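Welcome! Please take a moment to turn the model around before reading on.

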Amino acid sequence: MPVITFANTKGGAGKTTAALILATELARHGARVTILDADPQHWISHWHEISGKVANIDVISNVTIASLQTHIRENRATTDYFVIDLAGARNTLMATAIGLSDHVMIPIQGCAMDAKGGAQVLELLCHLQERAGIRINHSVVLTRVNSLVTTRALQVVKQLLAERSVPVLDTPIIERAAFRDVFDCGGTLQTMDPGRVSNLDKACENARAFGDEVRKLVPLRQVSPARRAA
Ligand SMILES: Nc1ncnc2c1ncn2[C@@H]1O[C@H](COP(=O)(O)OP(=O)(O)OP(=O)(O)O)[C@@H](O)[C@H]1O
Ligand SMILES: [Mg+2]
């Protein structure tokens with residue numbers, strides 16, 4: 001049961017949104033997903049409360065540095081993927097979650113290219129590898145990308161990150177009303193009303209592509225040595 005953590009020390013980068021999109025996509029494909037909500041704003045816990053039961057998804061609220069490993073240990077038998085949503089802060093909980101991860105997703109706002117918070121996560125990953133010999137797979141996911149941004153502009157951003165050897169997902173998460181509204185409506189993109197949410201079909205298609213790419217990148221069997229020993 002791989003652990004996928006969303007980390008960026010900058011607030012508002014799109015961690016919680018991307019974490020929920022991924023969790024619901026994995027669940028839609030039949031994987032049992034446990035979301036560990038360590039975001040002090042508790043958006044995903046709130047979403048879960050108003051959603052009622054969502055097939056294949058469990059949410060654990062108020063995750064702390066003291067409880068994180070216990071949650072993973074106690075739920076590993078019934079979980080295919082753990083998805084951890086972190087606060088937009090640089091703290092020991094972030095470092096611990098990263099250390100337990102099979103893959104770290106670093107959401108960076110595509111249009112703003114304000115990559116400072118993402119760079120801090122990349123620095124930590126680099127530090128772990130150089131000092132402790134622990135290599136944790138990771139990818140930048142461009143978020144809140146304007147749907148009108150040309151493919152060419154995105155390619156330039158991807159190229160810039162590639163020149164620094166930072167892996168970037170092919171699928172950016174586009175700025176869509178549905179990705180915002182799902183937190184108010186509850187449920188999933190599939191249960192939202194297409195008559196009330198603009199471009200819901202495009203949001204569903206974007207979420208599907210994002211989920212497919214992550215499932216290929218982090219297949220079910222992959223378990224990090226650090227977590228196996230935990
Ligand atoms: N793809 C998107 N389309 C539309 N709105 C988005 C998208 N991604 C994020 N947002 C909006 O941007 C704001 C910040 O997003 P989000 O809460 O996911 O960021 P975060 O990194 O989790 O923030 P924090 O560090 O404060 O926890 C929210 O209002 C959210 O609804
Ligand atoms: Mg958040």
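The paragraphs below go from the overall form to the core, then to one helix and the ligand.

Keep in mind as you look that this is a predicted model. The protein is built from 9 helices and 6 strands. Along the principal axes, its C-alpha atoms fill a box of roughly 50 × 40 × 30 Å. How does the radius of gyration fit with a compact globule? For 230 residues, such a globule would have a value near 17 Å, and the protein has 17 Å, so the two agree. Buried residues account for 42% of the 230 residues. The chain also brings together residues that are far apart in sequence: among contacts with a separation of 6 or more, 79% join residues 24 or more positions apart.

Now look inside. The largest nonpolar core has 62 residues, and the members that touch the most others are Leu22, Ala23 and Val83. Helix α1, residues 15–28, gives the most to this core, with 8 residues. To see how one residue sits among its neighbours, find alanine 23. Leaving aside residues up to four places away in sequence, Ala23 touches Val33, Ile35, Ile57 and Val83.

Next, move along to helix α7, which spans residues 177–185. Which residues of α7 are buried? They are Ala178, Phe179 and Val182. These residues lie on the same side of α7 because they cover an arc of only 100° around the axis. This buried set packs against two other helices, α1 and α8 (200–217). On the face turned away from the buried side, you will find the exposed residues Arg180 and Asp184. After α7 comes glycine 186, which has a positive phi, near 80°.

Finally, turn to ligand 1. It is surrounded by 19 residues, and the closest are Gly11, Lys15, Thr16, Thr17 and Gly88. What kinds of residues make up this shell? By type, the shell divides into 4 nonpolar, 9 polar and 6 charged residues. Two helices you have already met return here: α1 and α7 each supply at least two residues of the shell. Of the contributions to the shell, α1 gives the most, with 3 residues.

With α1 in view, you can tie the tour together. Helix α1 gives the most to the largest nonpolar core, packs against the buried residues of α7, and also gives the most to the shell around ligand 1.

Terms used
Residues numbered from 1 in each chain as written. Chains lettered and ligands numbered in written order. Predicted model: local features only at pLDDT ≥ 70, side-chain atom pairs only at ≥ 80, totals over all residues. Core = buried A, V, L, I, M, F, W, Y, C linked by C-beta atoms within 7 Å. Buried ≥ 20, exposed ≤ 12 C-beta atoms within 10 Å, placed from the backbone. Helix = DSSP H or I, 4+ residues; strand = E, 2+ residues; numbered from the N terminus. Contact = placed C-beta atoms within 7 Å. Arc of directions from axis to C-beta. Near = placed C-beta within 6 Å. Nonpolar A, V, L, I, M, F, W, Y, C, P; charged D, E, K, R; others polar. Rg over C-alpha atoms; globule rule 2.2 N^0.38 Å.
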